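Trainee: Could you take me through one part of this protein up close? I would love to see how a single spot fits into the whole.

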Amino acid sequence: MECEINPIGKWISILYRQSQSYIAGQIKPYHIGSGQYTFLLALYQKDGISQEELSKLLMMDKGTTARAIAKLEKTGYVVRKMDPHDKRAYNLFITDKARAIKPILCQVLSSWINMLIENLEQEEQECIENILKKMVISAIDYNQSTDHNAEL
C-alpha cells in the first residue's frame with residue numbers, strides 16, 4: 001500500500017522543521033534547545049505553575065515536559081520549588097537568567113514570524129490564522145475522542 005503525503009500536512013511539516021531550525025540556531029548561544037523555548041514562553045506568562053499544569057497548558061505529554069524542564073533547570077533558566085500546599089508537588093519558576101533573555105527570545109520569534117508574513121496582506125494573515133485555529137481544534141477534538149484508536 002502506497003502512502004501519499006497530504007499537501008497540507010507536507011507544508012505544515014516543512015514549515016515546522018524550518019521554524020525549529022531557525023529558532024534553534026538563533027538561541028543556541030544561550031544553550032536552549034528548540035524544544036525548550038516554548039516551556040520558557042509559557043513560564044513567562046504563568047511563572048510558578050506546576051509541571052503538570054505546564055504540560056496541560058502546552059498540550060505536551062508529561063515525559064516531554066519533564067525532559068525539557070530538567071534541561072532548563074540544568075542550564076539555570078528554571079528552578080523547582082516545593083509546593084507549600086502539596087509536599088509531593090513542585091512549582092516551576094523562571095530565574096533571573098531566564099528573565100534576562102526574554103527580550104532576545106521574543107525578538108527571535110518576532111523576526112521569524114515577520115519574515116513569514118512579510119509578503120502577506122492583513123486579510124491573508126487573518127485567514128491563515130483562522131484556518132490554523134480550526135485545524136488545531138479539529139485535531140484536539142479528534143485526539144480527545146474515545147474511539148479514534150479503534151479505527152487504526
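**A charged patch and its surroundings**

Mentor: Happy to! Let's begin with the whole protein: of its 152 residues, 24% count as buried. Do keep in mind that this is a predicted model. The accessible surface of the protein comes to about 11,000 Å², and carbon and sulfur atoms hold 57% of that. Along its principal axes, the C-alpha trace spans about 50 × 40 × 30 Å.

Next, the fold. You can find 6 helices and 2 strands in the protein, and from the N terminus on they run α-α-α-α-β-β-α-α. If you take the contacts between residues at least 6 apart in sequence, 51% of them join residues at least 24 apart.

Now for the close look. On the surface, Glu121, Glu123, Glu124 and Glu126 gather in a patch of negative charge. Let's pick out Glu126, which has its place in helix H6, residues 122-144. Is Glu126 buried, exposed or partly exposed? Its relative accessible area is 42%, so Glu126 counts as partly exposed. That value also fits its place in the patch, because patches are made of residues with over 30% relative accessible area and no salt bridge.

Finally, step back to the charges of the protein as a whole. There are 18 positive and 19 negative side chains, and the centres of these two sets lie 12 Å apart. So when you turn the model on your screen, look for the four names of the negative patch: Glu121, Glu123, Glu124 and Glu126.

Conventions: Residues are numbered from 1 along each chain as its sequence is written. This is a predicted model: local features need pLDDT of at least 70, side-chain atom pairs count only at pLDDT 80 or more; totals for chains, interfaces and linings use all residues. Side-chain values use heavy atoms; hydrogens and water are left out. Patches are made of residues with over 30% relative accessible area and no salt bridge: like charges are joined within 9 Å, nonpolar side chains (Val, Leu, Ile, Met, Phe, Trp, Tyr) within 5 Å. Accessible areas come from the Shrake-Rupley method with a 1.4 Å probe; for residues, only the protein chains shown count as cover. A salt bridge is a side-chain nitrogen of Lys or Arg within 4 Å of a carboxyl oxygen of Asp or Glu. Lys and Arg count as positive and Asp and Glu as negative; His and the chain ends are not counted. The place of a charge is taken as NZ of Lys, CZ of Arg, CG of Asp or CD of Glu. Helices (H or I, at least four residues) and strands (E, at least two) are DSSP runs, numbered from the N terminus. Buried means under 20% relative accessible area, exposed over 50%, partly exposed in between (1.4 Å probe, protein chains only). Contact means heavy atoms within 4.5 Å.
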